[in-house]
Amino acid sequence: MSHDRTPTDWSSPVMRQRIARRYAAERRFRLMGLGAVTLSAGFLLFLLVTMLSGGLTGFLRTDIALPINFPASPVMLEPAMLKGPNAQQALANANLPAVTTAAARATYGDKGEELLSDSAWVAVRDALLKDPSLLERSAVIPVPAASDIDLAHKREGTAEAEATVARLTEKGALSSTFNLDFLTMSDGTDPTQVGIWGALKGSLLTMAVTLLLSFPIGVMTAIYLEEYAGRNRWTDLIEVSINNLAAVPSIIFGLLGLAVFLNAWMLPRSAAIVGGLTLALMTMPVIVIAGRNAVKAVPPSIRDAALGVGASPIQVVFHHVLPLAMPGILTGTIIGMARALGETAPLLMIGMRAFIATPPGGVTDPATVLPVQIFLWSDEVSRGFVEKTSAAIIVLLVFLLAMNGIAIYLRNKFETRW
Amino acid sequence: MASTASTSPNISAPIKMAAQDVNVFYGDKQAIRNVSIDVGMDEVTAFIGPSGCGKSTFLRTLNRMNDTVASARVEGRITLDGEDIYSTAMDVVQLRARVGMVFQKPNPFPKSIYENVAYGPRIHGLANSRADMDVIVEQSLRRAGLWEEVKDRLQDSGTALSGGQQQRLCIGRAIAVQPEVILMDEPCSALDPIATAKIEELIHELRGKYAIVIVTHNMQQAARVSQRTAFFHLGTLVEYGVTSDIFTNPREERTKDYITGRYG
């Protein structure tokens, strides 16, 4: 029962029109994709420019040249006292803050010390430690400027501060140096004296706890569910629960951490161990889901091959399936850890928003983490904290990039070429 | 219903494996009905039959690879040297070392050629030293007819070899654990004629050292390589006998129709 069809005219106008429409559709789609990429690149560029322009000055410090005539000053020190193990003690007894204040008044007038940061005497101390012979002559030591002067020098400050800066610049007393203290110190009240190290170390410790818990448990869970557990109502229930856990808002994990780790287990408040435990709960479902997909994607023929030469189920998993699934598992781990690194809400619930001025010594010491530090600084009244906030964001992003870089390196190392 | 008639294949060789009244179910579906068959030592036994007749399924019951399929259920008795392989006393991992398998699609591990062969002996502790292992690898690859082609690049990936070489590597991998029986599940179906010829040649050479069971779609292949042929149809064993008899003088009408190309 074949109907005779008229032969197709491949060059008819209708055909041509169809071809033209097809080409137009291809072009349209390509342009849309290109537009989307351009738009997101633009946003990224805008973000980077804003943050770098606002934050890079946070790594700089304005110094004021402070001339001190040590022999004439009331400092009670001999160069000999600065050699040997008692140097620190001798410096602590030397009343350097008073010396610094006196020198500031002598050079910059009655309220000269207000131009300087409260920690200006530390710079004097360090200079003396480095070169005790300064005590025998008069010297010019660059010391950190007060926050409003610092701000007025770098960008814009109050009219009064701007005038002072103009006056000081004329004298050639101002200079900018790299603010190493920002990388080595912790939270404080004076924006010229705060540092990110405490929060960075807190983040490192918290991430270490998170990774050490969530990675092995997550991977084992994925393997068990994929390779060992049968398919029944219970495993379906577990699967649904894990998928839901991955979508639970993070603040709820914080509440759980508060109820279980702090109230029931009596773990120390605002410690990295509790933060790490809480974030591990959050990260685990992500690793389990990624791990299951990666294990599922390993070709069954590899399992057959290993079973065929007499490998036991556990040998099949650990010798063959896991290595092949590793790149996929690591991708999921990167995503989960990156999310955990940037997490603030659950950590607020377990007290990691405390003011902590010393870096944590271990996982049980009070600590804070980078995103919480950023949140705290963005909330400060003093304007000097604005650039510190941006600078802390830059540190957080660099940390994130470093972490992802390591994970991508590992993933490529594990990747098998077929 | 099922014809289990032709299980007296005047087997002269000593019996290596024996199946009695084997039924295999996938869930509610019965894939194998009352199959009884003896596999002779030092012989090549071919399973032929149309697609879906259960020959591969039956082959996989011989080393319990069907255990990995959750819905599969095996009834009946299968013995290796008189030992019931489905009894609780039988260690399935050791069984699969004694009854090796080569699969339809070459499936080397994505590791080096050396590693592919060394893996089996290593997990079973068959080599005492690195030098021992080198010997095992060389011997196995020689027996698989691959040594001359790969001896200078043992550290290259096994997956970088051609399809035929990969399949011979898989045979070498199976040989390396010194199995007593080798099961081959359509080992040439993914290969070109030249690679197929090489594998057939290899089967000739391996004959006498191992009991070999080969599933094939290709009747000429069965005629060329096997001493004994079993014809499966719709999950039953229709006829089993000396290969030349099956091909020249089949007793069953269905066998005759199949080998003369009436269906299949």
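Colleague: How many residues of chain B are in contact with chain A, and what makes them count as a contact?

Modeller: Two residues are in contact if their C-beta atoms, placed from the backbone, lie within 7 Å, and by that rule 23 residues of chain B are in contact with 17 residues of chain A. The largest share of this side of chain B, four residues, comes from helix 2 of chain B. This is a predicted model, in which local features need pLDDT of at least 70 and side-chain atom pairs count only at pLDDT 80 or more, while totals for chains, interfaces and linings use all residues. Residues are numbered from 1 along each chain as its sequence is written, with chains lettered from A and ligands numbered from 1 in the order in which they are written.

Colleague: What span is expected for helix 16 of chain A?

Modeller: Helices are DSSP runs of H or I with at least four residues, and strands are runs of E with at least two, numbered from the N terminus. The expected span is 1.5 Å times one less than the number of residues; for the 31 residues of helix 16 (384–414) of chain A this gives 45 Å, and the helix reaches 46 Å from its first C-alpha to its last, which is close to that value.

Colleague: Why is one side of strand 2 and of strand 3 of chain A left without a neighbour in the sheet?

Modeller: Strands pair if DSSP finds at least two bridges between them, and the open sheet has the order 2-1-3, with antiparallel pairing. Strand 2 (138–144) and strand 3 (174–178) of chain A stand at the edges with a single partner strand each, so one side of each has no neighbour in the sheet.

Colleague: How many bridges join strand 1 to strand 3 of chain A?

Modeller: Five bridges join strand 1 (60–69) to strand 3 of chain A, and with at least two required, these strands pair.
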